[in-house]
Amino acid sequence: MEKLNCTVLVVGGGPAGATACRELNRLGINNILLEKDLSFSKPCGGGLMLSAYSEFNIPKSLIKKEVKSIKIVSPKLNKALVDISKYPLTIVNRCEFDAKLRDLAKEGGTEVIEAKAYNIKMEKTPIVLAKSKEKKFEITAKYIIASDGVKSTIRKKLLNQTPSRILTYYSDIKDIKIDSCQFWFGDNISPKHYSWIFPHHNGINIGLASNNKKKIGVYFKNFLNKSGLKLTDKVKGYYIPYWEKGIFFEKNVFFVGDSASMVLPFTYEGIYYAMKSSSLAVKAIAEDDPSLYQKEWERLYLKKFKFLKTVQKLFLRNDYFSEKLVKLYQNPSFQRAVIGYWLGTKAPSSKFGAFWKFLKVILK
Ligand SMILES: Cc1cc2nc3c(=O)[nH]c(=O)nc-3n(C[C@H](O)[C@H](O)[C@H](O)COP(=O)(O)OP(=O)(O)OC[C@H]3O[C@@H](n4cnc5c(N)ncnc54)[C@H](O)[C@@H]3O)c2cc1C
C-alpha cells in the first residue's frame with residue numbers, strides 16, 4: 001500500500017478532471033489525478049462550442065470538424081436549418097481530446113496515476129482508496145474533486161446515491177459525410193428526448209436517449225428506418241446524466257461534471273459544463289470558500305438549466321408540440337434568440353421574454 005498526500009485529489013481524468021488539474025496548476029495548488037483507464041474513449045458525440053478553446057486554452061489542433069449548421073427534423077419530417085457559421089460547433093475525438101488535456105495537466109505539474117478509486121473514508125480530511133494493476137494507494141487530501149462521471153464511485157460511496165440518468169443507444173457509421181448536426185424529434189423514435197445524427201471524427205455518430213429501457217431498442221430501429229441509415233458497427237449503450245438539481249460540495253468533496261449531473265437539459269451538452277464546473281470549483285478552493293462554487297454556478301447557469309428543462313418538458317412532450325417547435329425554429333428571429341441564449345451572448349431576461357412571446361403566438 002502506497003500512502004500519498006496532496007492538497008487536492010482529482011478522481012477521474014475526463015474533461016472535468018483534467019481541467020480541474022490544469023486550473024489547480026495555474027494557481028500553484030498541488031494536486032494528484034487518478035484515472036482508472038488512460039486509454040478510455042468516452043462514448044460521446046464530441047460536440048463542443050468553438051469559444052471553449054480560448055476559454056480553457058485548448059489546442060485547436062484537436063478539432064476534427066467544424067459544423068456550421070444545425071438541422072432540426074420534426075415528427076412529420078418538416079425541417080428547419082439553423083445557421084451557426086458565426087459560432088461553429090466543433091467535433092473532437094474524445095479519446096484524443098481527453099488524453100491531450102491530461103498530458104497538459106501533467107506538463108503543468110499534476111501527478112497522474114492510472115488507478116481506480118474504489119472507496120472513500122472520512123477522517124479529519126478525506127482519504128481515497130485506489131488500486132492499479134500493480135498496487136494499492138491510500139491518498140489523503142484536503143479536498144477531493146469527484147470528476148468520475150455518471151457512474152461516480154465517490155458519490156456512491158460517500159453519499160450512497162448515483163446521478164439521475166437516462167440511457168443512450170448510439171453507433172458510429174463509417175464512410176458517410178454530413179455537414180450539419182441533426183436533431184430528430186418524434187414519439188416513435190425518442191419520446192420526450194431527441195435522436196441525433198452528428199458528423200464524427202470518422203464518419204457519423206447516430207444515437208438517441210430514452211428512459212424506457214425496454215423500448216429503446218425499438219426506438220433505435222425506428223430511427224434507422226426513418227433516417228434511411230444502415231449500421232456498419234455495433235450499437236452500444238451508455239448513460240447520460242439527467243439534471244434535476246445541482247450537487248456541489250459535501251464533506252470536503254466537490255462534485256463536478258457528470259458526477260454532479262451537470263449536463264444541459266434538452267441539448268445534453270456536457271463537455272463544456274464539465275470543464276466550467278471544474279474551473280468554478282477550483283476558484284472556490286483557491287479562495288478557501290467552498291460555498292462560492294455553488295453560488296457562482298447558480299449565478300451563471302441555474303436560469304439556463306431550468307429554462308431548457310421547461311422547454312424540453314413543454315415541446316418534447318408529444319409529436320404535436322415537437323412539430324410546433326420545428327415551426328418556431330423556421331423563424332429567423334427565434335433562431336437568433338435561441339443561438340444568443342445557447343452561447344450566453346444575450347441576457348437571460350431578454351431571451352425569456354422573446355421565448356414567451358413566441359410561445360404565445362405559436363400556441364394561439
Ligand atoms: C452517447 C453520448 C453522446 C454525447 N454527446 C455529447 C456531445 O456531443 N457534446 C457534449 O458536450 N456532451 C456530450 N455527451 C455528454 C458528455 O460526454 C459528458 O457530459 C462529459 O464527458 C462529462 O465529462 P466528465 O469529465 O464529467 O465525465 P467523463 O467524461 O465521463 O469522465 C470521467 C472519467 O473518470 C474516470 N473514472 C470513472 N470512475 C473512476 C474511478 N472510480 N476511479 C478513477 N477514474 C474513474 C473515467 O474513466 C473517465 O475518464 C454525450 C454523452 C453520451 C453518453
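Which residue in β7 stands opposite Ile 63? In this predicted model, the residue is Val 92. Let's start from that pair and work outwards.

β4 and strand β7 (residues 89–92) run antiparallel and are joined by four bridges. They belong to an open sheet of three strands, arranged in the order β3-β7-β4 with antiparallel pairing. β3 (47–49) and β4 (63–67) each have a single partner strand and stand at the edges, so one side of each is left without a neighbour in the sheet. On average, and ignoring direction, neighbouring strands here are turned by 35 degrees against each other.

Now let's turn to the helices. Two packed helices are described by the angle between their axes and the distance between the axes. For helix α1 (residues 15–26) and α6, the axes come within 8 Å and cross at roughly 35 degrees, and this crossing is right-handed. On the α1 side, the residues that meet α6 include Pro 15, Ala 16, Ala 20 and Leu 24; their counterparts in α6 include Ile 271, Met 275, Ala 281 and Val 282. By type, the residues of this contact divide into nine nonpolar, four polar and one charged.

Helix α6 also leads us to the nonpolar core. The largest such core has 93 residues, and those touching the most other members are Leu 9, Ile 144, Ile 145, Phe 254, Val 256 and Ala 281. Helix α6 (residues 271–286) supplies the largest share of this core, nine residues. For a closer look, try Leu 9: leaving aside residues up to four places away in sequence, Leu 9 touches Ile 32, Leu 34, Val 128, Ile 139, Ala 141 and Ile 144.

Note on methods:
Residues numbered from 1 in each chain as written. Predicted model: local features only at pLDDT ≥ 70, side-chain atom pairs only at ≥ 80, totals over all residues. Core = buried A, V, L, I, M, F, W, Y, C linked by C-beta atoms within 7 Å. Buried ≥ 20, exposed ≤ 12 C-beta atoms within 10 Å, placed from the backbone. Helix = DSSP H or I, 4+ residues; strand = E, 2+ residues; numbered from the N terminus. Contact = placed C-beta atoms within 7 Å. Pairing = 2+ DSSP bridges. Axes fitted to C-alpha atoms, helices over the stretch in contact; angles between N-to-C directions. Left-handed = near helix turned anticlockwise from the far one by under 90°. Nonpolar A, V, L, I, M, F, W, Y, C, P; charged D, E, K, R; others polar.
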